[in-house]
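Open the model in a viewer and keep the sequence panel beside it. Each stop below says what to select and what is found there.

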Amino acid sequence: MKRRQIERRLAVVLGFILVAALVVVAILALGGDDPDTEASSATPSTPSTSSSAPALPAGGPVAPSSSEPSPGSDPGPSATTAPEVPVDAPPPALEPVSFDSDARSVGIEGSLVRVEEIEGSAQGPGNINGPALRITVRLVNGTAEELPLSGVAINVFHGADRTPAPPLEDPSQSPFAGSLPPGDAAEGGYVFRVPADDRQEIRVEVAVRPGAPVLVFTGGV
């Protein structure tokens with residue numbers, strides 16, 4: 001009787017074991033794939049940005065070089081640009097005329113009335129007695145304005161190398177003074193030291209107004 005009871009209990013235990021084994025086998029058969037693995041494999045991978053765009057240098061984009069002139073910009077003065085004329089440049093000289101001819105500059109007509117050989121008498125410091133030329137200049141104001149005669153300048157040169165003749169404060173001189181009204185004429189006398197043996201080539205320059213072209217007279221005495 002006891003033996004049968006033991007056999008029944010063993011059969012029940014074996015039945016439970018068999019059922020448990022079948023359950024385990026079924027679970028392994030149905031759920032063999034790991035859910036975490038499937039989730040990770042189903043998630044699309046994000047492409048790396050390092051291979052899709054070029055790397056920028058440190059400090060950000062590099063600005064274009066400023067050595068190249070930008071379109072429409074002023075390239076500055078050219079190397080072939082003509083130099084500016086100095087403000088203190090001397091006025092131009094007109095073509096020379098003979099002693100007995102008239103010359104004209106900015107409406108002012110000039111002529112040499114006389115060129116005389118004299119023995120100069122020195123007056124004042126730096127003056128020396130000696131051979132000289134007394135030159136009388138005549139000006140006619142052909143403009144509509146008064147001509148300030150204080151701005152008239154006379155220079156004399158002698159010889160082929162145009163040696164400047166020093167002015168002489170001789171008592172016989174009578175330089176221009178005051179002003180010359182339109183249409184009027186005036187004369188001024190000037191004395192210059194010129195060696196007696198070097199008077200074949202005399203050049204007389206008359207500047208009638210500052211900045212105006214210079215009248216030039218040439219001849220021999």
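Start by selecting valine 206 and the residues around it. Apart from neighbours within four places in sequence, valine 206 is in contact with Val137, Leu139, Val152, Ala153, Ile154, Val214, Leu215 and Phe217. This is a predicted model, so read each stop as a description of a prediction.

**The nonpolar core**

Next, widen the selection to the core. The largest nonpolar core holds 27 residues, and those with the most contacts inside it are Leu139, Val204 and Val206. At least two residues of this core come from each of β3, β4, β6, β9, β10 (202–207) and β11 (215–219). The largest contribution is that of β4, with four residues. In soluble globular proteins, nonpolar side chains tend to be buried together.

**The whole chain**

Zoom out and colour by secondary structure. The protein chain has two helices and eleven strands. Along the sequence the pattern reads α-α-β-β-β-β-β-β-β-β-β-β-β. Of the 221 residues in the chain, 24% are buried. Take the contacts between residues at least 6 apart in sequence: 70% of them join residues at least 24 apart. If you display the surface, the accessible area of the chain is about 15,400 Å², and 59% of that belongs to carbon and sulfur atoms.

**The four-stranded sheet**

Now select β2, β3, β4 and β9. They make an open sheet of four strands in the order β2-β3-β4-β9, with antiparallel pairing. β2 and β9 are the edge strands; each has a single partner strand, so one side of each lacks a neighbour in the sheet. From one strand to the next, the twist averages 30°.

Which strand pairs with β9 over nine bridges? Select β4 (residues 130–141), a mostly covered strand in which nine of the twelve residues are buried. β4 pairs with β9 (residues 185–193) in the antiparallel sense over nine bridges. To find the register there, pick arginine 134, whose bridge partner in β9 is valine 191.

Turn to strand β3 (residues 108–120), which runs antiparallel to β4 and is joined to it by twelve bridges. Two pairs can be picked to follow the register. Serine 111 has arginine 138 as its bridge partner in β4, and isoleucine 118 has alanine 132 as its bridge partner in β4.

**Salt bridges**

Show the charged side chains next. The count of salt bridges comes to five. Begin with arginine 134 again: its side chain meets that of glutamate 116 in a salt bridge of 3.1 Å, N to O. This pair links distant parts of the chain, with arginine 134 in strand β4 and glutamate 116 in strand β3, 18 residues apart. Is glutamate 116 buried or partly exposed? Glutamate 116 has a relative accessible area of 25%, and it counts as partly exposed because buried means under 20%.

Move to arginine 199 and glutamate 117, whose side chains form a salt bridge at 2.7 Å, N to O. Here too the pair links distant parts of the chain: arginine 199 lies in the loop between β9 and β10, and glutamate 117 lies in strand β3, 82 residues apart. Arginine 199 is buried, at 4% relative accessibility.

Then select arginine 203 and glutamate 205. They form a salt bridge in which the closest N and O atoms are 2.9 Å apart. Arginine 203 is buried, at 11% relative accessibility, and glutamate 205 is buried as well, with a relative accessible area of 18%. One further selection closes this stop: Arg114, Glu116 and Arg134 are joined into one network by salt bridges that share partners.

**Two loop residues with positive phi**

Finish in the loops. Valine 106, in the loop between β2 (103–105) and β3, is not a glycine, yet its phi is positive, at about 45°. Valine 106 is partly exposed, with a relative accessible area of 42%.

The other residue to select is arginine 162, in the loop between β6 (153–158) and β7 (163–164). The phi of arginine 162 is positive too, near 55°, in a residue other than glycine. Arginine 162 counts as partly exposed, at 48% relative accessibility.

Conventions:
Residues numbered from 1 in each chain as written. Predicted model: local features only at pLDDT ≥ 70, side-chain atom pairs only at ≥ 80, totals over all residues. Heavy atoms only, no water. Buried < 20%, exposed > 50% of the residue type's maximum accessible area, 1.4 Å probe, protein only. Pairing = 2+ DSSP bridges. Contact = heavy atoms within 4.5 Å. Areas by Shrake-Rupley, 256 points an atom, 1.4 Å probe, with all protein chains shown as cover. Core = buried A, V, L, I, M, F, W, Y, C linked by side-chain atoms within 4.5 Å. Axes fitted to C-alpha atoms, helices over the stretch in contact; angles between N-to-C directions. Salt bridge = Lys/Arg side-chain N within 4 Å of Asp/Glu carboxyl O.
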